[in-house]
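Visitor: I should like to learn how the features of a protein model are read. Please take me through them one at a time.

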Amino acid sequence: MGNLETDSKYLKKAMIVNVVGTILKVCGPLLTFVMARIFGAAEFGMFVSSQTLLLTIAHSATLGLDKGLYWYLPQNKLSGRASHDGIMESFWISAAIALFCTAVIFVGSFTSYISKELPWYGISLLFYVGTYVFSTASEGNRRPQNAVFVNSFLTVTLAPAVSIALYFLNVPHALPLGLLAGQVVGFCVHFVLVRRQFPEMPLRPGKTVSGALLKYSLPLGFGEFVSSFLTRSSLWMVMLFLGPEKAGAYGIMVTISNALQTIRVGFTPILTPVVAGMDKDRLHTDLKPVYSYCVFMVTFIQLLIGFFIVLFPDQILGIAGKDFIVQPETLGLLLLVHLVAGFGGMSIVVLNGMGKSLYSLIMDVISLAVALVSGYFLIPAFGLVGAALSMLSYNLVAIISNNVYLFKMGLRPYSSKLISQIVWIFGLVAFYIVINTKFPDLGLLTKAIVYVVILALLGVYWLIQKKKLEADKDTARTKEPK
């Protein structure tokens, strides 16, 4: 992992895995749309809100130890530790916190402060945190395909499928029980896969988490807690100000636009260990070609998906039912948010790979403050569009701050070859505006032809751009310390 050639080969392989994961993720949202149609906007809105709260608690329960494994496991061999060191230690701490949170939810359900339905969701907490720890262990061990298969396909497909089946069987609490089924299966599969990678790993390690792992992970843990509230703050404020029906509609649009976000997030466990393995000299020679390649691939794949969503928004939203087609312009803004974040948002991955986890926490707190203030004013005034504008505002604040910080450290991670990516991003936004204002009644066949033409243009662009970025890598290799 000590040279650009090795890192480049790994990034290419991991990128293919990430693309496959993105394709697999289509299955989950499609079933989610069907589930939304079956259960109705109000009940589905409650499900989305409860699930996001559960995800927030689960991420917080790991104390960042799951994300810390991205950095810690690659260091085990270099430090002379056992290759599995840190995995089970992280799991037992996370499991204990998850069980405590579940108990609090159950006790609280006897009061007027917690919904009677929430404990049924709380049962899944233990399996959520176990999945997080074991899946990041595989990713830290450079096995991203494990997390892709289980997290991107198995659990997200199984959960809504079970909920729908339970609904038709007239089983009560079908939504939380389906969620539980998906998480239990995912947890078991991840555990088996990790045991195969580390057969000598004891179930009870007999020691606690190392100080190095804890020191690195805690800021990430607090940051994850803040970030969980941050990414879901707009949905919760929509629920508060506009009600569960609007929250259900907004939840569907967020689910659709998140197809773009998952591309960027999927590169986090890929890029982090690569950056963590670079010393100061390599950061100045190898970071630019590695980072620029990741940014190019993220935004390119996002463009492929983005143009499809822009051309067929009514058909996608219509899967869930007419009740979910509310302020469709919101979807365009959400796409812009994720495109901007795809281009500049991975700067935080670089900073975390350099050990700047405390800075990451500070930025999450600042971003949350921006999200709450902007959402408080924008959502009541502009509805779902206001929620999307709030998301755009805090993303811009974070991206600008992160990149200024990198520039102050003397790092210039963006290749000039990426300027054309910016042109394509603004081209997608302009295309969205034109389609919705000038050609709102464009036929399906015409849209299909237009999309094929766009795919062809993007294909030609990819071939040209790939050669240019490979030239940057060759230049960087000549500058690498021998």
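Guide: Let us begin with salt bridges. A salt bridge is a side-chain nitrogen of Lys or Arg within 4 Å of a carboxyl oxygen of Asp or Glu. By this rule the count comes to 5 salt bridges. The model is predicted, so local features need pLDDT of at least 70 and side-chain atom pairs count only at pLDDT 80 or more, while totals for chains, interfaces and linings use all residues. Residues are numbered from 1 along each chain as its sequence is written, and side-chain values use heavy atoms, with hydrogens and water left out.

Visitor: Which residues are linked in a network of salt bridges?

Guide: The network joins Arg81, Asp85, Glu89 and Lys207. Within it, aspartate 85 forms a salt bridge with lysine 207, with the closest N and O atoms 2.6 Å apart. That pair links distant parts of the chain, 122 residues apart: aspartate 85 is in the loop between helix H4 (65-79) and helix H5 (87-108), and lysine 207 is in the loop between H9 and H10. Helices (H or I, at least four residues) and strands (E, at least two) are DSSP runs, numbered from the N terminus. Glutamate 89 also forms a salt bridge with lysine 207, the closest N and O atoms being 2.8 Å apart. Here too distant parts of the chain are linked, since glutamate 89 is in helix H5, 118 residues from lysine 207.

Visitor: Are the partners aspartate 85, glutamate 89 and lysine 207 buried or exposed?

Guide: The classes rest on relative accessible area: buried means under 20%, exposed over 50%, and partly exposed in between (1.4 Å probe, protein chains only). Aspartate 85 counts as buried because its relative accessibility is 9%. Glutamate 89 counts as buried at 6%, whereas lysine 207 counts as partly exposed at 44%. Elsewhere, the side chains of aspartate 286 and arginine 282 meet in a salt bridge (2.7 Å, N to O), and both aspartate 286 and arginine 282 are buried.

Visitor: How is a buried charge without a salt bridge to be read, and what surrounds glutamate 139?

Guide: For this purpose Lys and Arg count as positive and Asp and Glu as negative; His and the chain ends are not counted. Glutamate 139 lies in helix H7 (residues 125-140). Glutamate 139 is buried yet has no salt bridge, and the nearest side chain of opposite charge, lysine 67, is 7.2 Å away. Contact means heavy atoms within 4.5 Å. Leaving aside neighbours within four places in sequence, glutamate 139 is in contact with Tyr70, Pro144, Ala147 and Pro269.

Visitor: Pro269 is one of those contacts. How many residues of helix H12 are buried?

Guide: Helix H12 (residues 268-276) is mostly covered, with 7 of its 9 residues buried. These are Pro269, Ile270, Leu271, Thr272, Pro273, Val274 and Val275. H16 is likewise mostly covered, with 14 of its 16 residues buried.

Visitor: How does the span of helix H16 compare with what is expected?

Guide: The expected span of a helix is 1.5 Å times one less than its number of residues. Helix H16 (residues 329-344) reaches 23 Å from its first C-alpha to its last, close to the expected 22 Å.

Visitor: What is leucine 213 in contact with, beyond its neighbours within four places in sequence?

Guide: Leucine 213 lies in helix H10 and counts as buried because its relative accessibility is 1%. Its contacts outside that window are Leu65, Gly68, Leu69, Trp71, Tyr72, Gly86 and Ser90. The C-alpha atoms of leucine 213 and leucine 73 are separated by 9.5 Å, although the two residues are 140 apart along the chain.

Visitor: Let us turn to backbone angles. Where is asparagine 170 placed?

Guide: Asparagine 170 is in the loop between helix H8 (144-168) and helix H9 (174-197). Its phi is positive, about 60°, although the residue is not a glycine. Asparagine 170 is exposed, with a relative accessible area of 69%. Histidine 173 lies in the loop between H8 and H9 and has a positive phi of about 60° although it is not a glycine. Histidine 173 counts as partly exposed, at 27% relative accessibility.

Visitor: Finally, which residues form the nonpolar patch on the surface?

Guide: Patches are made of residues with over 30% relative accessible area and no salt bridge; like charges are joined within 9 Å, and nonpolar side chains (Val, Leu, Ile, Met, Phe, Trp, Tyr) within 5 Å. Areas come from the Shrake-Rupley method with a 1.4 Å probe, and for residues only the protein chains shown count as cover. Leu240, Phe241, Val373, Tyr376 and Phe377 form the nonpolar patch, with about 570 Å² of accessible area together. Helix H10 (211-242) and helix H18 (357-382) are the elements that give two or more residues to the patch. H18 gives the most, with 3 residues. Valine 373 lies in helix H18 and is partly exposed, with a relative accessible area of 49%.
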